[in-house]
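Please open the model in your viewer and keep a selection tool at hand. The tour below goes from one selection to the next.

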Amino acid sequence: QVQLEESGGGLVQAGGSLTLSCAASGRTSSTYAMGWFRQAPGKEREFVAAISWSGGRTTYADFVKGRFTISRDNAKNTVYLQMNSLKPEDTALYYCAADANYSGDHYYTPWDYEYDYWGQGTQVTVSP
């Protein structure tokens, strides 16, 4: 089993920045591709960003391209999401997720059904 714990959320003004962290514990050898998703009140969960096991490949939702950066430190079993130029519409509960199936060092996926482990989420609120 793998446990994922997100941190770093909070309240920030529009235009500000936050860095989210996702620490994996337990059977961390089973965390390959990692992703960030978010869910705003009354909306479905949506993909934000994903990163391969190697860290060399990343992909982003169009609405965060150029503003958010996903990265990982495998030695620390931690994935990060640097969020800049935040907008009120970025307000949501942000989740990290881990894919337990090895599909190659450079594999990543935006599809939530491919992720096996999920954290509890960290709230990000952006005020106008």
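Select Y102, which is partly exposed with a relative accessible area of 47%; buried means under 20%, exposed over 50% and partly exposed in between, for a 1.4 Å probe and protein chains only. This is a predicted model, in which local features need pLDDT of at least 70 and side-chain atom pairs count only at pLDDT 80 or more, while totals for chains, interfaces and linings use all residues. Residues are numbered from 1 along each chain as its sequence is written, and side-chain values use heavy atoms, with hydrogens and water left out.

Add Y32 to the selection. The ring centres of Y32 and Y102 are 5.2 Å apart and the planes stand at 65°, so this pair is edge-to-face. Rings of Phe, Tyr and Trp (its six-membered ring) pair if their centres lie within 6.5 Å; planes under 30 degrees apart are stacked, over 60 edge-to-face, the rest tilted. Y32 is in the loop between β3 (18-26) and β4 (34-39), and Y102 in the loop between β9 (92-98) and β10 (117-118), so the pair ties together parts 70 residues apart in sequence. Strands here are DSSP runs of E, at least two residues long, numbered from the N terminus.

Next, select Y115 and W118. Their rings form an edge-to-face pair, 6.2 Å centre to centre with 70° between the planes. Y115 is buried at 5% relative accessible area, whereas W118 is partly exposed at 25%. Add F37 and F47 to see the cluster that ring pairs make with Y115 and W118. Then show R45: its charged end sits over the ring of W118, 3.9 Å from the centre (the rule asks for NZ of Lys or CZ of Arg within 6 Å of the ring centre and within 35 degrees of the ring normal).

Which residues form a disulfide? Select C22 and C96, whose sulfur atoms are 1.9 Å apart; the cut-off for a disulfide is 2.5 Å between cysteine sulfur atoms. C22 lies in strand β3 and C96 in strand β9, so the pair ties together parts 74 residues apart in sequence. The S-S torsion of C22 and C96 is about 50°, so the disulfide is right-handed. C22 is buried at 1%, and C96 is buried at 0%.

Last, go to T125 in strand β11 (residues 122-127). T125 is partly exposed, at 28% relative accessibility. Beyond its neighbours within four places in sequence, T125 contacts G10, L11, V12 and T91, where contact means heavy atoms within 4.5 Å.

Technical notes. Helix = DSSP H or I, 4+ residues; strand = E, 2+ residues; numbered from the N terminus.
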